[in-house]
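Work through the exercises below with the sequence and the 3D view open. Try each task before you read its solution.

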Amino acid sequence: MHRLLSVVFCLFVSIAAIAADGRYNVIVLGDMHFDRMEYHDPDYPKKNTREIARYVKVTEQNTPQLLDAAAKQIGADTPFVIQLGDLTQGDCGSRELQEAMFDGAFKLIKTHLPVPFLAVKGNHDVRGPGAKAAWKNRVPPFVGSELQRPIDSGNYTVKHGPDAYIFFDCMEPDMEFLKQTLNENRNARYRFMLTHFPVQPVAGGSSSVLFGRDDAKRLELFRLLLDHEVILFCGHLHRMSFAQYEVDGKSLALVMVNSLADEAKFRNEMTLETCAPLLALEGVELDAKTQELRNRLKAECDRGLKQFFVCQGAGFVKLDVGPDRVTVEYYSGTGEKPVKTQTVR
């Protein structure tokens, strides 16, 4: 009976959201690293035991509170919740244990969130023996059941009213899928892309980006997204961040979300780190190739970067989509009011 009511509620939410004037909101979660000791083979030698212990504590103590805070922002105009990869910690030691970890994560999510839950593939989700097969066996079928249509990979598109949500598998990047999908949705009101890795620097000192050391592919991706004026959401670096690029009259927005609710960041505030990307890393000596990459990325950023900030915080983002404006509200900790609101488009 509970499952039936949940399905009916989900259908009502989607219909109500589309039937309105085009205005709705979406909850976006970042990295979560769901973990419990029972999902780890004690004989698997390559796991990071200190990190696992930390994330098990986060999962038990803080993650349910974060999900409850997110649930309070869900209304009749919320069609779904999106999670940007690293839903799980991984490093389980076998396919069966990783599958159990996904099952546990989905059970926790559906206990707290009453609308469809859509997931991106993250590097931790496919880390460890058998993890790739476990992801394939568990995540696409789950997302398909949430959407009530077949999903067989990490690349898929969800249409909501006049808008397109493009889920992109950065662990096995398929540029032809992305090009074709963006072209097919060129007339969409807004094109949102959801992936795990950043495509340009969105944390103060990090040069971690998709296709980081392949200049040709990285620039091809950046120009493609810029041409289609994509609004991109990513995770991976455990920060709350925003960057806006404008080049030749085109605009690309990058929003980073962190939902890893460790004690250092799980507060009802966000602490500004910097308003500039690729800052020098104090006390860190970089090899020549890494420094050269940072210099090239810095030159790319300087060309079109118009807005930038990165903050310490752990929570979620509420994406508000309307006929004349798109904004993101950053929530941190268990706060019921946003700590920052950013106009995106």
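Two strands pair if DSSP finds at least two bridges between them. Helices (H or I, at least four residues) and strands (E, at least two) are DSSP runs, numbered from the N terminus. This is a predicted model, in which local features need pLDDT of at least 70, side-chain atom pairs count only at pLDDT 80 or more, and totals for chains, interfaces and linings use all residues. Residues are numbered from 1 along each chain as its sequence is written, and side-chain values use heavy atoms, with hydrogens and water left out.

**Exercise 1. The partners of β8**

Task: State in which sense β8 and β11 pair, and over how many bridges. Then do the same for β8 and β9.

Solution.
- Step 1. Strand β11 covers residues 305-312, and β8 pairs with β11 in the antiparallel sense over 6 bridges. One pair of bridge partners is Ser 241 and Val 310 in β11.
- Step 2. β8 and β9 also pair in the antiparallel sense, over 7 bridges. Here Glu 246 stands opposite Ser 251 in β9.
- Step 3. Look at the turn. β8 and β9 form a hairpin with 2 residues between them, and Asp 248 in the turn has a positive phi of about 55°.
- Step 4. Check burial. Buried means under 20% relative accessible area, exposed means over 50%, and partly exposed lies in between (1.4 Å probe, protein chains only). In β8, 7 of the 8 residues are buried, so the strand is largely enclosed by the rest of the structure.

**Exercise 2. The sheet of 8 strands**

Task: Give the order of the 8 strands in this open sheet. Which strands are at its edges?

Solution.
- Step 1. The order is β4-β5-β6-β7-β9-β8-β11-β10, and the pairing is mixed.
- Step 2. β4 and β10 (271-274) are the edge strands, and each pairs on one side only.
- Step 3. Neighbouring strands of this sheet are turned by 20° against each other on average, direction ignored. Axes are lines fitted to C-alpha atoms, for helices over the stretch in contact, and angles run from 0 to 180 degrees between N-to-C directions.
- Step 4. Add the helices. Contact means heavy atoms within 4.5 Å. Helix α6 (residues 175-184) packs on the sheet and touches β4, β5 and β6 (191-194); its direction makes about 175° with that of β5. Helix α7 (residues 215-227) packs on the sheet too, touching β6, β7 (231-234), β8 (240-247) and β9 (250-256); its direction makes about 110° with that of β9.

**Exercise 3. The edge strand β4**

Task: How many residues of β4 are buried? Describe how β4 pairs with β5.

Solution.
- Step 1. β4 spans residues 156-160, and 4 of its 5 residues are buried, so it is largely enclosed by the rest of the structure.
- Step 2. β4 and β5 (residues 163-167) pair in the antiparallel sense over 5 bridges. Val 158 stands opposite Tyr 165 in β5. Lys 159 has Ala 164 as its bridge partner in β5.
- Step 3. The two strands form a hairpin with 2 residues between them; Gly 161 in the turn has a positive phi of about 55°.

**Exercise 4. Helix α7**

Task: Compare the span of α7 with the expected value. Then list its buried residues.

Solution.
- Step 1. The expected span of a helix is 1.5 Å times one less than its number of residues.
- Step 2. The 13 residues of α7 should span 18 Å, and its end C-alpha atoms are 18 Å apart, which agrees.
- Step 3. The buried residues are Arg 218, Leu 221, Phe 222, Leu 224, Leu 225 and Leu 226. Their cover includes α6, β6, β7, β8, β9 and α8 (288-304).
- Step 4. After α7 comes Glu 229, whose phi is positive, near 50°.

**Exercise 5. Cysteines and a glutamine**

Task: How many disulfides does a search of the whole structure find? Is Gln 98 buried or exposed?

Solution.
- Step 1. A disulfide is a pair of cysteine sulfur atoms within 2.5 Å. The search finds 0 disulfides.
- Step 2. For Cys 92, the closest cysteine sulfur is in Cys 170, 19 Å away, too far for a bond. For Cys 234, the closest is also in Cys 170, at 9.4 Å, again too far for a bond.
- Step 3. Cys 92 is buried, with a relative accessible area of 1%. Cys 234 is buried, at 0%.
- Step 4. Gln 98 lies in helix α4 (residues 95-112). Gln 98 is buried, with a relative accessible area of 1%. Not counting residues up to four places away in sequence, Gln 98 touches residues including Cys 92, Asp 125 and Arg 127.
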